[in-house]
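Work through the exercises below with the structure open beside you. Try each task before reading its solution.

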Amino acid sequence: MENTKTPDWQEFHKEGKRYLQIVQNSVKKENSFSPEILYNLSCMSIEKLFMSYFLKVKKMPMNHTLIDLVDSMKALDTVPSELENNLLYMNSFQEICSIDLYQRKIPSENDLQQFITTLEQTNKYIQELLKTA
């Protein structure tokens, strides 16, 4: 028998917050994770946070890349332009769903603060949306 239970939005939210904490704590400690690992943890956090909202309102995004999450959210609510631009910047590091060309850039230490800012903006934005969903 197949498990058809819908994932719980609260579990996704909790996981997104956990990844956020890992990234924030890692940046405070020198040499804990590479910028590339922190980028991936940041993206996982952002995806989990967005998915918590989509699950709560029972609307699924087309895909789970950062740009697709933004586009899907824009169909439901206004995405602050600064947050959108920051998410698109992060998306530019790994364009994994391109049918023409797979493109990947390795983030540097200089990118970490941008990732933290984007994570915190995403967390705040989703937190506000969840209050009224």
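**Exercise 1. Lys-131 and its partner**

Task: Decide whether Lys-131 is buried, partly exposed or exposed, then find its salt-bridge partner.

Solution. Start with accessibility; keep in mind that this is a predicted model.
- Step 1. Lys-131 has 59% relative accessibility, so it counts as exposed. The cut-off for exposed is over 50%.
- Step 2. The side chain of Lys-131 meets that of Glu-128 in a salt bridge, 3.0 Å from N to O.
- Step 3. Glu-128 has 43% relative accessibility and so counts as partly exposed.
- Step 4. Both residues lie in helix α5, three residues apart, which means that about one helical turn separates them.

**Exercise 2. A pair and a network in helix α1**

Task: Find the residue that forms a salt bridge with Lys-14, and say which residues are joined into one network.

Solution.
- Step 1. General idea: side chains of opposite charge can pair when their charged atoms come close.
- Step 2. Lys-14 pairs with Glu-11, and their closest N and O atoms are 3.7 Å apart. This fits the salt-bridge limit of 4 Å.
- Step 3. The two are three residues apart in helix α1 (residues 9–28), so about one helical turn lies between them.
- Step 4. Lys-14 is partly exposed at 46% relative accessibility. Glu-11 is partly exposed too, at 31%.
- Step 5. Shared salt-bridge partners join Glu-11, Lys-14 and Arg-18 into one network.

**Exercise 3. A link between two helices**

Task: Locate the salt bridge of Glu-84 and state which helices its two residues belong to.

Solution.
- Step 1. Glu-84 forms a salt bridge with Lys-74; the closest N and O atoms are 2.9 Å apart.
- Step 2. Glu-84 sits in helix α4 (residues 81–91) and Lys-74 in helix α3 (residues 66–74). The pair is ten residues apart and links distant parts of the chain.
- Step 3. Glu-84 is buried, with a relative accessible area of 16%. Lys-74 is partly exposed, at 42%.
- Step 4. How many salt bridges are there in the final count? The count comes to five.

**Exercise 4. Two helices side by side**

Task: Describe how helix α2 packs with helix α5.

Solution.
- Step 1. Two packed helices are described by the angle and the distance between their axes.
- Step 2. The axes of α2 (residues 35–57) and α5 (residues 112–132) come within 10 Å and cross at roughly 10°.
- Step 3. Angles under 35 degrees count as roughly parallel, so α2 is roughly parallel to α5.
- Step 4. Contact residues of α2 include Leu-38, Ile-46, Phe-50 and Tyr-53. Those of α5 include Phe-115, Thr-122, Tyr-125 and Ile-126.
- Step 5. The residues of this contact divide into 14 nonpolar, six polar and one charged.

**Exercise 5. The largest nonpolar core**

Task: Say which residues touch the most other members of the largest nonpolar core, and which helix gives the most to it.

Solution.
- Step 1. This core has 31 residues. Phe-50, Met-73, Tyr-125 and Ile-126 touch the most other members.
- Step 2. Helices α1, α2, α3, α4 and α5 each supply at least two residues of the core.
- Step 3. Helix α2 gives the most, with eleven residues.
- Step 4. Now follow Phe-50. Leaving aside residues up to four places away in sequence, Phe-50 touches Leu-69, Met-73, Leu-87, Thr-122, Tyr-125 and Ile-126.

Notes: Residues are numbered from 1 along each chain as its sequence is written. This is a predicted model: local features need pLDDT of at least 70, side-chain atom pairs count only at pLDDT 80 or more; totals for chains, interfaces and linings use all residues. Side-chain values use heavy atoms; hydrogens and water are left out. Axes are lines fitted to C-alpha atoms, for helices over the stretch in contact, and angles run from 0 to 180 degrees between N-to-C directions. Helices (H or I, at least four residues) and strands (E, at least two) are DSSP runs, numbered from the N terminus. Angles under 35 degrees count as roughly parallel, over 145 as roughly antiparallel, 65 to 115 as roughly perpendicular and the rest as oblique. Contact means heavy atoms within 4.5 Å. Ala, Val, Leu, Ile, Met, Phe, Trp, Tyr, Cys and Pro count as nonpolar, Asp, Glu, Lys and Arg as charged, and the others, Gly among them, as polar. Buried means under 20% relative accessible area, exposed over 50%, partly exposed in between (1.4 Å probe, protein chains only). A nonpolar core is a set of buried Ala, Val, Leu, Ile, Met, Phe, Trp, Tyr and Cys residues joined through side-chain atoms within 4.5 Å.
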